[in-house]
Amino acid sequence: MFVSTYGYGQSMAPAVDQPLLHQEGARRFRRCRTAPSSDPLSTANHTSSPPKTLFGAGAAARPSFRLVGLLLAAYLLLGSLAFYLAMDHMSGTRTARALDALYFCVVTMTTVGYGDLVPASDAAKLLACAFAFAGVALVGTFLSKAADYLVEKQEALLFRALHAHRGGEARMLRAMEANKVRYKLYTAGVLLALLVASGTAVLWKVEGMRPVDALYCACATVTTLGYGDRSFSSEAGRAFAVAWITVSTVVVALFFLYAAEVYTERRQREVARWVARRRTTSMDLEAADLDGDRRVGAADFVLYKLKELGKIRQEEISEFLKEFDKLDADHSGTLSPADLALAQSPDPDPDPPNPS
């Protein structure tokens with residue numbers, strides 16, 4: 001019976017050769033390298049500064065970041081111009097015409113919507129509808145990239161200040177990579193507290209609100225509630241609000257996003273510890289035997305554990321095996337440069353030579 005083959009750790013190979021075969025297979029599997037990538041630890045010994053791709057914000061992402069930034073600038077310019085021309089069709093608290101147009105554009109794109117400035121005509125309402133949808137789609141993408149970049153830079157500076165005395169750049173980079181989500185959460189929390197404090201101070205000192213009302217308005221703004229009973233009404237306050245609302249509404253969203261990621265990572269680590277401690281049974285070995293040869297090598301065992309952790313699915317493994325069979329032109333069970341050249345040539349040989 002198939003299960004009984006695994007019952008006492010037996011194998012079809014001679015018993016004397018089993019430890020050597022297992023050790024050699026495990027060594028070969030541990031030496032397996034991934035596809036070429038920008039590993040932060042691999043460059044730690046060749047440069048005195050951390051690589052720019054440490055947190056995934058590499059050079060490849062810069063062109064799209066600049067493009068989204070240009071689109072955002074164009075959106076703000078067109079929106080400010082459009083609402084400037086339509087300001088006679090707006091009702092509410094007014095200050096400077098150009099500043100009010102930019103302020104209304106920012107309040108619309110961040111979905112704060114205080115209600116202190118509202119469209120009063122059909123044309124203005126239709127214009128606001130168009131910029132509301134365009135702003136949520138475009139500005140949300142840009143602000144996520146910009147705020148994430150800001151948080152990562154602050155995170156790196158904070159970590160260096162706290163752990164520079166522990167020695168070794170490679171060790172520091174390894175610790176940052178392992179705890180980067182947690183440090184992002186801490187940094188986003190600090191930034192959020194500073195933004196709420198600064199907004200409260202401006203609403204208190206510039207807008208003349210009571211401290212409790214100022215804190216209430218700041219919290220309602222950063223969470224995009226925008227009740228409308230309290231808002232920026234002075235020219236200086238709205239000039240501050242243009243930048244403050246843009247940054248604070250995204251930082252609070254990132255804070256809760258990182259909090260969810262930290263919780264998910266903790267759950268994943270708990271599952272990983274449970275999988276590592278769980279006793280391996282004959283049923284596990286049967287399930288780990290991917291090729292049906294009644295032997296479980298190091299690669300088979302690791303793939304089975306990855307499936308238990310939910311890191312990979314059986315469908316994905318099957319696709320990889322199909323790709324391997326397609327590239328194995330000589331059907332030897334191994335891949336070589338000759339196999340790749342033959343399998344990927346424009347007109348591969350339909351009858352490859354038999355190695356035997």
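## Notebook: surface, helices and charged pairs

**Entry 1, L85 and its patch.** I looked up L85 to begin with, and at 59% relative accessibility L85 counts as exposed; I take buried as under 20% relative accessible area, exposed as over 50% and partly exposed as in between, with a 1.4 Å probe and protein chains only. This is a predicted model, in which local features need pLDDT of at least 70 and side-chain atom pairs count only at pLDDT 80 or more, while totals for chains, interfaces and linings use all residues. Residues are numbered from 1 along each chain as its sequence is written, and side-chain values use heavy atoms, with hydrogens and water left out.

L85 lies in helix α3, residues 62-85, where helices (H or I, at least four residues) and strands (E, at least two) are DSSP runs numbered from the N terminus. Together with L81 and Y84, L85 makes a nonpolar surface patch of about 310 Å². For such patches I use residues with over 30% relative accessible area and no salt bridge, joining like charges within 9 Å and nonpolar side chains (Val, Leu, Ile, Met, Phe, Trp, Tyr) within 5 Å; the areas come from the Shrake-Rupley method with a 1.4 Å probe, and for residues only the protein chains shown count as cover.

**Entry 2, annotated spans.** I then checked the record: an unreviewed UniProt entry carries the annotation "transmembrane region" for residues 65-86, 98-117, 123-143, 183-204 and 239-260. UniProt positions are given in the numbering used here, feature names are shortened, and annotations may be inferred rather than shown by experiment. I looked at two of these spans in the model. Residues 183-204 are 100% helix and 0% strand, with their end C-alpha atoms 31 Å apart, and residues 239-260 are likewise 100% helix and 0% strand, with the end C-alpha atoms 33 Å apart.

For a contact across the sequence I took L192, which sits in helix α7, residues 180-205, and which counts as buried at 13% relative accessibility. L192 and S248 are 56 residues apart in sequence, yet their C-alpha atoms are 6.8 Å apart in space.

**Entry 3, helix α4.** I find that α4 has 13 residues and reaches 19 Å from its first C-alpha to its last, close to the 18 Å expected at 1.5 Å a residue; the expected span is 1.5 Å times one less than the number of residues. The helix is mostly covered, since 10 of its 13 residues are buried, among them D100, Y103, F104 and C105. Just after α4, T111 takes a positive phi of about 60 degrees.

**Entry 4, salt bridges.** I count a salt bridge when a side-chain nitrogen of Lys or Arg is within 4 Å of a carboxyl oxygen of Asp or Glu, and by this rule the count comes to 7. One of them joins the side chains of R238 and D116 at 3.4 Å, N to O. R238 lies in helix α9 (residues 235-277) and D116 in the loop between α4 (97-109) and β2 (117-119), so the pair ties together parts that are 122 residues apart in sequence. Both partners are covered: R238 counts as buried at 0% relative accessibility, and D116 is buried with a relative accessible area of 9%.

R210 pairs with D213, their closest N and O atoms being 3.2 Å apart; R210 is exposed, with a relative accessible area of 52%, whereas D213 counts as buried at 14%. The side chains of E316 and R313 also meet in a salt bridge at 3.8 Å, N to O, with E316 partly exposed at 29% relative accessibility and R313 exposed at 52%. I also note that salt bridges sharing partners join D100, D116 and R238 into one network.

**Entry 5, cysteines.** I searched for disulfides, meaning pairs of cysteine sulfur atoms within 2.5 Å, and the count comes to 0. C219 is in no disulfide, and the nearest cysteine sulfur, that of C217, is 9.4 Å away. C219 is partly exposed, with a relative accessible area of 34%, and C129 counts as partly exposed at 45%.

**Entry 6, K307.** I closed with K307, which is placed in helix α11, residues 298-308, and is partly exposed with a relative accessible area of 26%. K307 and A288 are 19 residues apart in sequence and 9.5 Å apart in space, C-alpha to C-alpha.
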